[in-house]
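Here is a quick walk through a two-part model, starting in the middle of a sheet and working outwards. Have the sequence and the 3D view open as you read.

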Amino acid sequence: MTKWRNKIKILLLGIMLLMNVGVFAQVDKLNRAQHLYEVKDIDNAVGCIDSIVRHPETKNDYTLWSLRAFIYFEKYKRGDRQKLNSPLRDSVVASVRKSMKLKPDANYVTQNKKLITTIASGYYNLAKNLLQDSIDDVKSLKAYNKYKEVFLLGDPTAVLTAKDIEYYLAVGSLFSDIFINDNANLKAQKTAKVALLKVLELQPDNAAANINLGLMAFNVGVNLSRSMGFDTDLTQADIIQENVAKLAKQAEQYILKVYKIDNANKKAVEALWLTYRMLFDDKKADEFKQKCIELGIKVD
Amino acid sequence: MYSFTRYFEWPENKKVGEFVIYVVGKNDNLIVELKTLAGKKKVGNQDIEIRNTPTFDPTVNAQIIYLTPEISKNVDDVFSKNKNKGTLFISEGAGGCKQGASINFIVIDNKLKFEYSKNNAVKTGLKTNDDFKALAAINID
């Protein structure tokens, strides 16, 4: 009996020793990963940290996941900043997410949030670049949605309405300008309209969104009027006029909202003058022409 | 205005020479458009010529006389001096046809429409097409 007891004791000690060796091995690897990260040997740091976080003894240690996030962030910075789809960036976000799930201490929470804010800003800048430089609204929107998703990971209670307005207004303004300069570009018209209506959904009195929607409707009307040639028969001309009047009414509705809030808004006053001309409303057209003159707007 | 020419027939003496569209009053944009029209189109075989004076000049021999809204306010003089001259009178403003114009532009529901007086057109010596009546927003006669 004593013999068996001793055997079991030895076995348990052996197991505990092996376990400790395992833990020590992980601690050693962690130190190595930390060192590699500090000396910027990022490729080796990645291999090292990945083997630690997979280990059952250490996989639930938030410090490791945070370190992993920082190591991957270093690698991401080197070549993936301008990529919309970056597995490296995804690994940073996933590591922070995991670290946060493991309830880190305040210091790690701060570090994680700082990192996630940087990643979110990167997505926002990417959304802006894709919009302004590449005029790619689809990819830009993907980047913007990723910005929101990541930002909310760092600050789940954040309200992003102001950012939404800023972003959709940028999209709407850019594409309405494109459409106004090229009325045949119906894709630009649609993109602008969707974005500007989204702005109005969030902020119904937004002046820029209302003006742009009004000017777009007005321009479609102008374009439609111009489609009438000298040979257009009178019945056809009547139908065209009907549609032009509808568009001018639409324009009036948007622009008046702005004018009612700010009756010195030059864009609104000028647009209303032109809109009332389109509606053959001489009285109102003259009234707004006079306001244009008072505001220093050329009416020749 | 050019579309109207399809629905009227001018007397023989007006089918020769140039087809004159005479605008009385100031409307620079209209003149530009009409000059573009004149460069591109004809009425029958006649080239189009655009004339414009600030006030009515009875010596201008035109197939169409268009009176701008300002001039349309006082048109009696114009009509009395142009009876039986084979001229299509077009005015713009309230009561134009009652004063003697054949066609008068009016605004109805934010759209530019026209009223029509067949009698006035016939009185000036034009042959008319009844299809035109259906296109008018208001028939005066």
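## Starting inside the chain B sheet

Let's begin with strand E2 (residues 19–24) of chain B, which runs parallel to E5(B) and is joined to it by 4 bridges. One pair to look for is B:Ile21, whose bridge partner in E5(B) is B:Ile64. Bear in mind while looking that this is a predicted model.

On to the next pairing: strand E5 (residues 64–67) of chain B also pairs with E6(B), again in the parallel sense, over 3 bridges. Here B:Ile64 turns up once more, standing opposite B:Leu88 in E6(B). How is E5(B) covered on its two faces? B:Ile64 and B:Tyr66 sit on one side, B:Ile65 and B:Leu67 sit on the other, and all of them are buried, so both faces are covered.

## Across to the hairpin

Moving along, strand E6 (residues 88–92) of chain B pairs with strand E7 (residues 103–108) of chain B over 3 bridges, in the parallel sense. In this pairing B:Ile90 stands opposite B:Ile103 in E7(B).

Then the direction flips: E7(B) and E8(B) pair in the antiparallel sense over 6 bridges. B:Ile108 stands opposite B:Lys111 in E8(B). The two strands, E7(B) and E8(B), form a hairpin with 2 residues between them, and B:Asp109 in the turn has a positive phi of about 50°.

Put together, the strands make an open sheet of 8 with mixed pairing, in the order E3-E4-E2-E5-E6-E7-E8-E10 (chain B). Its edges are strand E3 (42–43) and strand E10 (138–139) of chain B, each of which pairs on one side only.

## Where the chains meet

Which chain gives how many residues to the contact? Chain B puts in 10 residues and chain A puts in 11 residues. On the chain B side, helix H1 (28–40) and strand E8 (111–116) each supply at least two of the residues that touch chain A. That side of chain B divides into 5 nonpolar, 2 polar and 3 charged residues. Note that E8(B) shows up here as well as in the hairpin with E7(B).

## Helix H8 of chain A

Over in chain A, helix H8 (residues 186–202) has 17 residues and reaches 25 Å from its first C-alpha to its last, close to the 24 Å expected at 1.5 Å a residue. The buried residues of H8(A) are A:Ala188, A:Gln189, A:Thr191, A:Ala192, A:Ala195, A:Leu196 and A:Val199. Looking down the axis of H8(A), you'll find these buried residues within an arc of 165°, so they line one face of the helix. The background is simple: an α-helix has 3.6 residues a turn, so residues three or four places apart point the same way.

What covers the buried residues of H8(A)? The cover includes helix H6 (137–154), helix H7 (161–181) and helix H9 (207–226) of chain A. Flip to the face of H8(A) turned away from the buried side and you meet the exposed residues A:Leu186, A:Lys187 and A:Lys190.

## Three lysines in chain A loops

A:Lys40 is in the loop between helix H1 (2–38) and H2 of chain A. A:Lys40 has a positive phi of about 65° although it is not a glycine, and with 9 C-beta neighbours inside 10 Å it counts as exposed. A:Lys103, in the loop between helix H4 (87–101) and helix H5 (106–132) of chain A, also has a positive phi, near 55°. Is A:Lys103 buried or exposed? With 9 C-beta neighbours inside 10 Å, A:Lys103 counts as exposed.

A:Lys59 lies in the loop between helix H2 (42–54) and helix H3 (62–79) of chain A. A:Lys59 is partly exposed, with 14 other C-beta atoms within 10 Å. Leaving aside neighbours within four places in sequence, A:Lys59 is in contact with A:Val53 and A:Arg54. A:Lys59 and A:Lys98 are 39 residues apart in sequence and 9.8 Å apart in space, C-alpha to C-alpha.

## How far to trust it

The model scores ipTM 0.81 and pTM 0.78. Chain B has a mean pLDDT of 90, with 99% of its residues reaching 70 or more. Chain A averages a pLDDT of 90, and 91% of the residues score at least 70. Over residues 16–21 of chain A, though, the pLDDT is below 50, and this stretch has 0 contacts in the model beyond near neighbours in sequence.

Terms used: Residues are numbered from 1 along each chain as its sequence is written. Chains are lettered from A and ligands numbered from 1 in the order in which they are written. This is a predicted model: local features need pLDDT of at least 70, side-chain atom pairs count only at pLDDT 80 or more; totals for chains, interfaces and linings use all residues. The expected span of a helix is 1.5 Å times one less than its number of residues. A residue is buried if 20 or more other C-beta atoms lie within 10 Å of its own, exposed if 12 or fewer, and partly exposed in between; C-beta atoms are placed from the backbone. The arc is that of the directions from the helix axis to the C-beta atoms. Two residues are in contact if their C-beta atoms, placed from the backbone, lie within 7 Å. Ala, Val, Leu, Ile, Met, Phe, Trp, Tyr, Cys and Pro count as nonpolar, Asp, Glu, Lys and Arg as charged, and the others, Gly among them, as polar. pLDDT is the predictor's confidence in each residue, from 0 to 100. Two strands pair if DSSP finds at least two bridges between them.
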